[in-house]
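User: I'd like a close look at one part of this protein: the inner spaces and whatever surrounds them. Could you walk me through that region and then work outwards?

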Amino acid sequence: MSEALIGPEHSLQIRELGLVEYAPSFEAMKAFTATRDAKTPDQLWLLQHPPVYTLGLAGKVEHLLQASEVPVVKIDRGGQITYHGPGQAVVYLLLDLHRRQLMVRQLVNLMEQALIDVLADWGIAAERREGAPGVYVGEAKIAALGLKITRGCSYHGLSLNVEMDLAPFTRINPCGYEGLRTTQLSELGVHTSVAEAHRRLAERLAALLEERYPVILPAAQKQELV
């Protein structure tokens, strides 16, 4: 695991966590959010998961079309069912929204924009869709989003398909959409590592956060962080 602190007041910490089982990372996100205070730096967690389906708060089990050995974990983010597996770059955004004067819709837009910008750097034209959070290339979804907001803070985040087994997506209605096709970087001619995708996503997310929604701290707290 490696960590980096960035921002004018070391307001954003980037943590590279490697391949982590889903359930422990979920519990760790909840614990971090429950115990953080006004001085806690925001964090971006960069990781991958072993194969797992996650079912959001409004998730309907009928969107799991075929049972398999892949476990299903019910979680507290919004949205329906999605799949995580090796070869997918996952970024969790643990942010204090109040401190950044950041609204949920603005955060979703920022996450989508970071993905679109990173994909554009690889020559891929991607877009968002109204009413269907995530990022799409043509008719196929390449990145998914999901958030939980509690105590004015966010956790969960985004996933970008890099080079993975896409077959598990065919056993669900991804994000609740029947027949939605998924794609990935390798299918679009971009052969790169998850580590490189993580690096580019973290850099772009950090840049957008610091440019548009920097942490606003009282002078006394700023002095303490110096």
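Analyst: Let's start on the inside: the largest cavity holds about 80 Å³ of space. Bear in mind that this is a predicted model. The structure has two cavities of 30 Å³ or more.

Thirteen is the number to remember for the walls: 13 residues line the largest cavity, and Thr82, Lys141, Ala144, Asn161 and Phe169 lie nearest its centre. Sorted by class, that lining has seven nonpolar, five polar and one charged residues. As for where the wall comes from, E6, E10 and E11 each supply at least two residues. E10 gives the most to this lining, with four residues.

Phe169 is a good residue to follow from here, as it is one of those nearest the cavity centre. Phe169 is buried, with a relative accessible area of 6%. A search of the whole structure turns up four aromatic pairs. In one of them, the ring centres of Tyr83 and Phe169 are 5.4 Å apart and the planes sit at 80 degrees, so this pair is edge-to-face. The two rings come from distant parts of the chain: Tyr83 is in strand E6 (residues 81–84), Phe169 is in the loop between strand E11 (153–161) and strand E12 (181–182), and 86 residues separate them. Tyr83 counts as buried too, at 4% relative accessibility. Add Tyr53 and you have a cluster, with ring pairs linking Tyr53, Tyr83 and Phe169.

Stay with that loop between E11 and E12 for a moment, since Met164 lies there as well. Met164 is buried, with a relative accessible area of 10%. What does Met164 come up against? One answer is Gln88: the two are 76 residues apart in sequence, yet their C-alpha atoms are 6.3 Å apart in space.

Now for the open side of things. The largest pocket has a volume of about 440 Å³. It is lined by 31 residues, and Arg77, Gly78, Gly79, Leu145 and Gly146 are the closest to its centre. Two or more lining residues come from each of E6, strand E7 (88–94), helix H3 (104–121), strand E9 (132–137), strand E10 (140–150) and E11. E10 is the biggest giver here, with six residues. By class, the pocket lining divides into 18 nonpolar, eleven polar and two charged residues. So E6, E10 and E11 turn up in the pocket lining and also in the cavity lining.

H3 is worth a look, being one of the elements that line the pocket. At 1.5 Å a residue, its 18 residues should span 26 Å, and the end C-alpha atoms are indeed 26 Å apart, which agrees. Its buried residues are Leu107, Val108, Leu110, Met111, Glu112, Gln113, Ala114, Leu115, Ile116, Asp117, Val118 and Leu119. Some charged residues are in that buried set, including Glu112 and Asp117.

Both sides of H3 have something to check in the backbone. In the loop between helix H2 (97–100) and H3 you find Gln101. Its phi is near 50 degrees, a positive value in a residue other than glycine. Most residues other than glycine have a negative phi. Gln101 is exposed, with a relative accessible area of 56%. After H3 comes Gly123, whose phi is also positive, near 80 degrees. Arg151 belongs with these: its phi is positive at about 55 degrees although it is not a glycine. Arg151 lies in the loop between E10 and E11, two strands that contribute to the lining of the largest cavity.

Further out, here are two charge-over-ring contacts. Arg129 lies over the face of Tyr136, at 4.3 Å from the ring centre. The charged end of Lys30 sits over the ring of Phe26, 4.3 Å from its centre.

Last stop is helix H4 (residues 194–212). Its 19 residues should span 27 Å at 1.5 Å a residue, and the end C-alpha atoms are 27 Å apart, which agrees. The buried residues of H4 are Val194, Glu196, Ala197, His198, Leu201, Ala202, Leu205, Ala206, Leu208, Leu209 and Glu210. An α-helix has 3.6 residues a turn, so residues three or four places apart point the same way. In that buried list, you can trace such a path through Ala197, Leu201, Leu205 and Leu208.

Conventions
Residues numbered from 1 in each chain as written. Predicted model: local features only at pLDDT ≥ 70, side-chain atom pairs only at ≥ 80, totals over all residues. Heavy atoms only, no water. Phe/Tyr/Trp six-rings, centres within 6.5 Å; stacked < 30°, edge-to-face > 60°. Buried < 20%, exposed > 50% of the residue type's maximum accessible area, 1.4 Å probe, protein only. Lys NZ or Arg CZ within 6 Å of the ring centre and 35° of its normal. 1 Å grid on protein atoms, 1.4 Å probe; cavity = no way out; pocket = protein on both sides within 12 Å on 5 of 7 lines; lining within 4 Å. Points joined across faces, edges and corners; volume = space filled by probe spheres on them. Expected span 1.5 Å × (residues − 1).
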